Amino acid sequence: MQIFPSFRLSQALLTGLLLIALSACSPEASNTDGQVAANTASAANASSRSRMPSDPALKSLYIQSCYGCHSAGAAGAPRSGNRKQWAPRLQKGLEELLANTKSGINSMPPSGMCVNCSDDDFRALILFLAGEAE
Ligand code: HEC
């Protein structure tokens, strides 16, 4: 008679522990992780959209041309300020990125649709896009 209540108690404890263990790796828990990752990604995307060059002249060139694709990552464009996406591009060196910007590359049109940009404007815009300058 005395064994029975203590058996019930330990079974209850065990069930409780099992429930805690199960909930720790339930799909609900991993959904929360996925949600955190998605929130982090959308925060990064939001900052790509709101980033602007501090120089007013550069800012207007940026808005007229690069912004449309590089703020939202349209057609696979590396996003503004996303250092992870820009790291492999930067390895090509600034002068090659300038040449590719002027000639166009894959789905990016020549000059990134900026007819008024000088080489120095392009260099500054590229560094801005790559997160190397504000
Ligand atoms: C119509 C959309 C569009 C516009 C406008 C645009 N880009 Fe791009 N850009 C892209 C896409 C797409 C890529 C990725 C091309 C690829 O590597 O496949 C890209 C890639 C680049 C690269 C990387 C090139 C390389 O060699 O890896 C640079 C630098 C760049 N853009 C600069 C600019 C600048 C500066 C402007 C504004 C003057 C601009 N882009 C405007 C779509 C655009």
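Which residues are exposed on the other side of α7? Asp-119 and Asp-120 are. The views below come from a predicted model.

**View 1. The two sides of α7.** Turn to the buried residues of this helix and you find Phe-122, Leu-125, Ile-126, Phe-128 and Leu-129. They sit on the same side of α7 because they span an arc of only 160° around the axis. An α-helix has 3.6 residues a turn, so residues three or four places apart point the same way. Among the elements covering the buried residues of α7 are α3, α4, α5 (83-90) and α6. After the helix comes Gly-131, with a positive phi near 80°.

**View 2. The largest nonpolar core.** This core has 13 residues, and the ones touching the most other members are Tyr-62, Cys-66, Leu-125, Ile-126 and Leu-129. Two or more residues each come from α3 (56-64) and α7 (119-129). With 5 residues, α7 gives the largest share.

**View 3. Cys-66 and its contacts from further along the chain.** Skip the neighbours within four places in sequence, and Cys-66 is in contact with Gly-112, Leu-125 and Leu-129. Cys-66 turns up again in the next view, as one of the residues that come nearest the ligand.

**View 4. The shell around the ligand.** Of the 28 residues here, Cys-66, Cys-69, Asn-106, Met-108 and Gly-112 come nearest. The elements giving two or more residues to this shell are α4 (67-70), α6 (94-103) and α7. Once more α7 has the largest share, this time with 4 residues. By type, the shell splits into 17 nonpolar, 9 polar and 2 charged residues.

Notes:
Residues are numbered from 1 along each chain as its sequence is written. This is a predicted model: local features need pLDDT of at least 70, side-chain atom pairs count only at pLDDT 80 or more; totals for chains, interfaces and linings use all residues. A nonpolar core is a set of buried Ala, Val, Leu, Ile, Met, Phe, Trp, Tyr and Cys residues joined through C-beta atoms within 7 Å. A residue is buried if 20 or more other C-beta atoms lie within 10 Å of its own, exposed if 12 or fewer, and partly exposed in between; C-beta atoms are placed from the backbone. Two residues are in contact if their C-beta atoms, placed from the backbone, lie within 7 Å. A residue is near a molecule or strand if its C-beta atom, placed from the backbone, lies within 6 Å of it. Ala, Val, Leu, Ile, Met, Phe, Trp, Tyr, Cys and Pro count as nonpolar, Asp, Glu, Lys and Arg as charged, and the others, Gly among them, as polar. The arc is that of the directions from the helix axis to the C-beta atoms.
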